Amino acid sequence: EQTIYLKDYAPTPYRIVSVELDFKILEESTRVRAQLTVEPREGTAPGTPLVLDGDELKLDSIALDGAPLMQSAYASDANSLTLVEPPHKRFVLETEVTLNPAANTKLMGLYRSSGTWCTQCEPEGFRRITYYLDRPDVLAPFKVRMSAPKSVAPVLLANGNLVDQGDLGEGMHFAVWEDPFLKPAYLFALVAGDLGSIKDSFTTMSGREVELGIYCTHGKEAECAYAMDSLIRSMAWDERRFGREYDLDVFNIVAVSDFNFGAMENKGLNIFNDRLVFAKPETATDANYHGIERVIAHEYFHNWTGNRITCRDWFQLCLKEGLTVFRDQEFTSDERSRPVQRIHDVQNLRTSQFPEDGGPLAHPPRPDNYREINNFYTTTVYQKGAEIVRMLATMLGEAGFRKAMDLYFERHDGDATTIEAFIKVFEDSSGRNLSQFATWYLQAGTPQVKVSDSYDAASQSYTLTLSQTNDPTPGEPTKKPLLIPVRFGLIGPNGSPLGWTGVSGGTVEDDLILFDSDSATLTFEGVANKPVPSLFRGFSAPVKLSTNLSQDDLLFLARHDSDPFNRWDALQTASTTLIANAAQGKAWSEDDVDALRAALIDTLENGELDDAYKAQALDIPAETVVGRYIGKDVNPDAVAAARKGLVTALVSPVASKLASTYEALASSDAYSPNAAQAGRRSLRNGLLSLLTTGSDRGAALAANQFEVATNMTDRYAAMAISVRNWTSEASALLGAFRTRFAGDPLVFDKWLTASAQAPDEDVIDRMRATLAAPDFPKTNPNRLRSLLGSFVMANPVQFTRVDGAGFRFITEAVAEIDKVNPQVASRILTGFRVLPILEASRREAGMTALQALKEQHTLSRNVGEILDRILA
Ligand code: B3K
Ligand code: ZN
């Protein structure tokens, strides 16, 4: 297999001046005619061949400047088209290919989803539509003509503005779309189908009217309302926060049922996985509404960070993704609650990015080699990429950050650029040297920061000693120290902040330590009392922190820290430590549990905190988080037992109190997905979860809640909690849920997700039966991911069984799925990255399953790469 290296980057010898595409869409096949106006770049030697990319294409005809090309002038196969000696001047290349979208199960290029023709081109799908220079640094204006039978495709959409449309007779019609903005091929999109829609409009800050449309299956129009509302709020927010105005006259979104990931930011024509568009209270949870709002915003924000300014090559992916995730996180923080959003994002980082970064699939946010680019749309590129941008924002402050972003848009509008250029903008605008900071992009692994402190009362001086280490990751045996921004505060014995008169031993800017070496000792003078330090406020850097703080200190922080994130984190650390110790044979003391319980109850009863925050504070860390904290020789059965043990010890003495709070939080208000209502539901369901895991009251409460629930949030929570705790009602609830919502595919996903998390040992047999059912939609990514993805990521006890049954179930499924859709298969396989931290017997069982997968099957490049990296 061929590896692609960043160091080999070179611009193409030819540029594409403009593109005209003509699609003739028919039931049986689609004919694509492409007219590419091409010219040699300056410096290209005469006679340099032009090599266009293709993927599973077959050339029907070819002409140059209007004349058919001689056989000897070109060579073509499924993967490329070469003009041996193109003219050394501007010329027009015309090609024709015929596609079979209905047979395209990889869902890259042009395919059909429930009858609708749609496209997905990022990163390398356009080459499955026509021969092209399919790379992000080739930018061109596109004009697209499409014709199709009116009966099956009354709606014809593409990028940009509609410039012509009409009837062709014999049941056919056509439309012509023109996109004036230069774009790389990965942002191309086309949709043809019989779709319903909702329309709205937005007036931009300069007073231009933009027509907005969301297209969907007929009958689903009403379920698009929240997505439309989110879009309008996103457009307004990007103007307010970043001064970014939308640039075309139309913005369309299309919801499709078969989609490899969440959504795609095609210029002026976003295509969405329908699970991130449709919502109504009976079938969508608060988390679904939250997800819709976030992803609608994310794809919209790409119009500036991704489309107007794109990536030079795919190694630079986090240039657009990390930055755009940062922007969508900020949007949600502004629209809802900042601390709640921050906790949510950090939880996500810890449950998915840290595990990736600490295992065999670790890679820098800006990698320098890959075999299959689709394997690099990772949580590291997205979430860690966003954390890096957040650290820049932390160091520069709000005004400084905005100034840098303004310069970025001004300097790079229209460019396909790099991480280096992005950093340079921040250097030029702030006057800081960011060369060490840039290492965050180039180095893999989660740094571990150790902090210890001491106080000398006589001299009123306080010392903080920091050290950073970075464990080796694949291909990176040694690491450089990073520039780590540590936002901090010192808290006095009465809970109020303590000041200092001077500090030596490092760089401290206000409440920010810029920690840039292997170790540092900071001495603060004039500290009146012995403080408890609050470190990494707001999670100011994506690191693992260990301190010499006692359980008492942590619970003190949980009560007194003015930083809401750190109050939450102190509780998390306190309970994680107790569970991890117990799982390794070191029991907690009754005092420890009493103190933790008291802190949790105080939080629950605190009149100043909102419900959503309380729900997060009461959330006891998941088994996977504790496993990761233990870090080696993990026995997931022991972790699960310890977690249940701690929850039981915490809950038992206060079960009636929790139960009455649970009752009191019930509400008869009409459902709204707003943050206040969603927070109340999440607190109530959090209590239900504690009561179900930690007492014998929860099971019946959950079963009752399932019956009386008036919205999906409460009904799903009742079922999922019952299943995760495998209560005596769980199985019946799964059955009732399935019957009640039969025929709704997105609700079926919820059933699959919950089913896969049952901890009982028959779960694998049940899942096998589910998959084998004749009506199981085996080619739909949402269905497959709901079942298999949640099993590998959220059912550690059964997935990592010592007998290997969980591992084999997954490798066998992956082998099958790989034949149909390699992207979905390889994504599921990444769950095996957990192997290195497991106890030896489980690790070996996992390796055996992977070895069998490798030996017994011909695998795609996608799966092959992931497999080899885990086995390495
Ligand atoms: N840019 C797309 C992701 C494409 C994934 C290709 N495997 C959606 C997004 O990140 O916004
Ligand atoms: Zn994105």
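**View 1. Asp 65, an exposed residue with a positive phi.** In this predicted model, Asp 65 is exposed, because 12 other C-beta atoms lie within 10 Å of its own, and a residue counts as exposed when that number is 12 or fewer. The residue is found in the loop between strand E5 and strand E6 (67-68), where Asp 65 has a positive phi of about 45° although it is not a glycine. Most residues other than glycine have a negative phi.

**View 2. Glu 56, in the loop between strands E4 and E5.** Strand E4 (50-53) and strand E5 (59-64) are joined by the loop that holds Glu 56, and this residue, although not a glycine, has a positive phi of about 55°. Glu 56 is partly exposed, because 16 other C-beta atoms are within 10 Å, a number that falls between the limits of 12 for exposed and 20 for buried residues.

**View 3. The cis peptide bond between Glu 122 and Pro 123.** The bond that joins Glu 122 to Pro 123 is cis, with an omega of about -5°, and Pro 123 has its place in the loop between strand E11 (116-120) and strand E12 (140-149). Most peptide bonds are trans. Both Glu 122 and Pro 123 also belong to the residues around ligand 1, the subject of the next view.

**View 4. The surroundings of ligand 1.** The residues around ligand 1 include, besides Glu 122 and Pro 123, Phe 261, Met 264, His 298, Glu 299, His 302, Glu 321, Asn 374 and Tyr 377. Strand E20 (263-264) and helix H2 (286-301) each supply at least two residues of this shell, which by class has five nonpolar, three polar and four charged residues.

**View 5. The segment at residues 226-439, annotated in UniProt.** An unreviewed UniProt entry places the feature "domain: Peptidase M1 membrane alanine aminopeptidase" at residues 226-439. Over these residues the chain is 56% helix and 9% strand, while the end C-alpha atoms are 40 Å apart.

**View 6. Helices H15 and H17, both mostly covered.** Helix H15 (residues 675-694) has 20 residues and reaches 28 Å from its first C-alpha to its last, close to the expected 28 Å, and 17 of its 20 residues are buried. Helix H17 (residues 712-724), with 13 residues, reaches 17 Å between its first and last C-alpha, close to the expected 18 Å, and 13 of its 13 residues are buried. Just after H17, Trp 726 takes a positive phi of about 40°.

Technical notes
Residues numbered from 1 in each chain as written. Chains lettered and ligands numbered in written order. Predicted model: local features only at pLDDT ≥ 70, side-chain atom pairs only at ≥ 80, totals over all residues. Helix = DSSP H or I, 4+ residues; strand = E, 2+ residues; numbered from the N terminus. Expected span 1.5 Å × (residues − 1). Near = placed C-beta within 6 Å. Nonpolar A, V, L, I, M, F, W, Y, C, P; charged D, E, K, R; others polar. UniProt positions renumbered as here; feature names shortened; annotations may be inferred.
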